[in-house]
Amino acid sequence: MPEVNGPQRLGGWTRFVTARPRLALLTALVITALAVFAGSGVADRMGSGGWESPHAESTYATKALEREFPASQPNLLLLLDSGTASVDDPAVAAEAARLTERLAAEKDVIGVRSYWQGRTPALRAEDGKEALIAARIEGDDKAAGEVLDRIAPEYRGAHGPVHVSVGGPVAVRHEMQTIIQDDLLRAEMIALPVTLVLLVMVFGSAIAALLPLGVGIVAILGTNAVLRGITEFTDVSVFAQNLTTALGLGLAIDYALFIVRRFREELAAGADTREAVGTTLRTAGRTVLFSALTVAVSLAAMLVFPQYFLRSFAYAGIAVVLLAAAAALILLPAALMLLGPRVNSFDLRKLLRRGRGESDGAESGRGWGRFAALVMRRAPLFAFATSVGLVLLGLPFLGVKFGTADDRQLPATAESHVVQQHLREGFPGSPGGGLDVLAEGAATPAQFAEYRSRIAGLPGVLRVDGPVTEGQAAYFSVLAEGEPVGEQSQRLVKDLRAEHAPFDTSVTGTAAVLVDSKDAIADRLPWAVGIIAVVTLLLVFLLTGSVLIPVQAVVLNALSLTAMFGAVVWVFQDGHLSGMLSFTSTGDIETTLPVLMFCVAFGLSMDYGVFLLSRIKEEYDRTGDHEQAVGFGLRHTGGLITAAAVILAVVMVAIGTSRVTNTKMLGLGIALAVLMDAMVVRSLLVPSVMKLMGRATWWAPAPLKRFHRRFGLSEGETVRPDAVEIPEPAQERERITSGA
């Protein structure tokens, strides 16, 4: 028999929220104003790296080389183009020497060297028309960026017979950070007005449409303040700001949609404002709370990874989810208390409904009801076809290749990208793509020579330079065959680390960073997946009281992500649509991106899953009719979930207009996952699977049933028959004012 949880558990909370709505809104306004002040300048304190593991061998070796041999790790490159003349022309050499001397005199710039000092072949283009001045800017990303801002304008451009372009890792990171900030502002300018239009289409009422947008803005501003505080203690990636905007708007709108929709249902059923708010908090409010917890857990799983790029998204995600839920459960009910029936004011759809005698909401509900009946009549067909289709869409991911983020994340016209592209295409040995072997400890020249001879004989080695010594430290530069991060280079990293030496050795370089990053993710991934799965199973059990529905939710959620992962590989790795989407394909996917996209998309899928399951459970508790409950749930949430998914997809697509490839991949990939989940999994797969499972869907052992009766939470409200369809706003006001 179905079990009904009483509504009294949140009675105290309802009284608290509804007692002083004006005070609640005033307090929120003051806190939001403080958040604007506290969060100002947060982007300037963020980093644009964080893909490497801080405890990896490659990280240790890089820091040691930066400390002992700064010239070995240049992060600033000046590309000198001599036009039609040779870089060995006396006039060109004289100007290059002047620029080198000037750069060496700059504050916070060390390790300056140029092609003209020792005629090093690696610093000269093969056509003899370009050459390099390399240096290192001291300090962290922020300090180095400030130095670059100060000195770059003095070197960029024409200098006598040469033209200078500024590049190198510090320029790539700085340019990426600037572009991300500009793109984020543009995305917000796109998303906000489009979202408002869609909300008006969903609600009809301009007043009702503004409420979710207000909740989203509060969540975003609050999260920026939280991130600003976190930057005082640890590194935070600038990419996390994109997630703040996307989830701040998306989830706040989801939660507000659910609460405002339920509030309007209660008003339409004849409840007064206070009763409608109380019922809404006891029903939709509980669902929002569960949804926020499931999304927060999915994002919190990224805290198990050592890379601060992933951890940053956990910080931002947890903060924005909890703030969105808090705003939806505190500020929104207070606003609804003050508005009452006026929430339906300014109905902007009246002109579109002339002569129609029924509401769009009623017609939409019946449409979803008929659709649910069709799916359940053909449940085996829909379940099989949908599952197979999703698996096929995910097949390209089997060919995924992992790599590291580099300058090709930037637009093709970005100066630092242009410099690096010239190095890749015109300079010998692909500068920046080699490996460095740090040697520490006392050693004789003979031992160094013997070690160099052995590593020069390893498969895939083109050349070994060094050792360069300083005290009891030395390093060798190893140039590998093939791509800097290809399989051959990665094998060479492992071979170098396995090679015995009479001193301590550590290997770094682009391929070494990739190997260490992959190992760190592989080591922590089972923990992250386990945390998400276990906590999701527990939360869904507490919501439904079933042991089968949680398993079904986890499996179907994972299945809903296949299209996203398949598309990411097909588009961004293989380069399909690269011209249309304006990005440069590197032939691989940055190692941390799939982890990030899984955690975010899985959480958002559970968001919609909780919305649907809560209404199904509510009806099943009321009637005990499984099939009717499934149809009821889809009829009452299908349109709502689809609208929420479309709005969130609009926000993610706006983020996906970024000129930085990783941000574009994140935005467009999650937009696809959200739409597939709402329009395919929730509409086709969930009802068909629940139909096939029948009443067994709700089975649980007797001890767990008792546990759920005591600790479980669900909407648990008995739905009035007259609250099934939503009359139009004008009809609602007429009924309420006439005392119907």
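Select H159 first: this residue stands opposite V162 in β5. The model on screen is a predicted one.

**The hairpin pair.** Now show β4 and β5 in full. Strand β5 covers residues 162-167, and three bridges join β4 to β5. The two strands run antiparallel.

**The sheet.** Add the remaining strands. The sheet is open and has five strands, ordered β2-β3-β1-β5-β4. Pairing is antiparallel. Which strands are at the edges? They are β2 (109-114) and β4 (157-159), and each of them pairs on one side only. Look along the sheet for the twist, which averages 25° from one strand to the next.

**The helix on the sheet.** Select residues 141-155. This is helix α6, which packs on the sheet. Helix α6 touches β1 (76-81), β2, β3 (130-137), β4 and β5. Compare directions: that of α6 makes about 145° with that of β3.

**A helix pair.** Move on to residues 169-203, helix α7, and residues 626-656, helix α22. The two pack at an angle of about 165°, and their axes are 8 Å apart. That angle is over 145°, the cut-off for roughly antiparallel, so α7 is roughly antiparallel to α22. The crossing of α7 past α22 is right-handed.

**Their contact.** Show side chains here. From α7, pick L184, A187, I190, A191, V194, T195, L198, L199 and V202. They meet A643, V646, I647, V650, V651, A654 and I655 in α22. How many residues in this contact of α7 with α22 are nonpolar, polar and charged? Colour by class to see it: 15 are nonpolar, one is polar and none is charged.

Technical notes: Residues numbered from 1 in each chain as written. Predicted model: local features only at pLDDT ≥ 70, side-chain atom pairs only at ≥ 80, totals over all residues. Heavy atoms only, no water. Axes fitted to C-alpha atoms, helices over the stretch in contact; angles between N-to-C directions. Helix = DSSP H or I, 4+ residues; strand = E, 2+ residues; numbered from the N terminus. Parallel < 35°, antiparallel > 145°, perpendicular 65-115°, else oblique. Left-handed = near helix turned anticlockwise from the far one by under 90°. Contact = heavy atoms within 4.5 Å. Nonpolar A, V, L, I, M, F, W, Y, C, P; charged D, E, K, R; others polar. Pairing = 2+ DSSP bridges.
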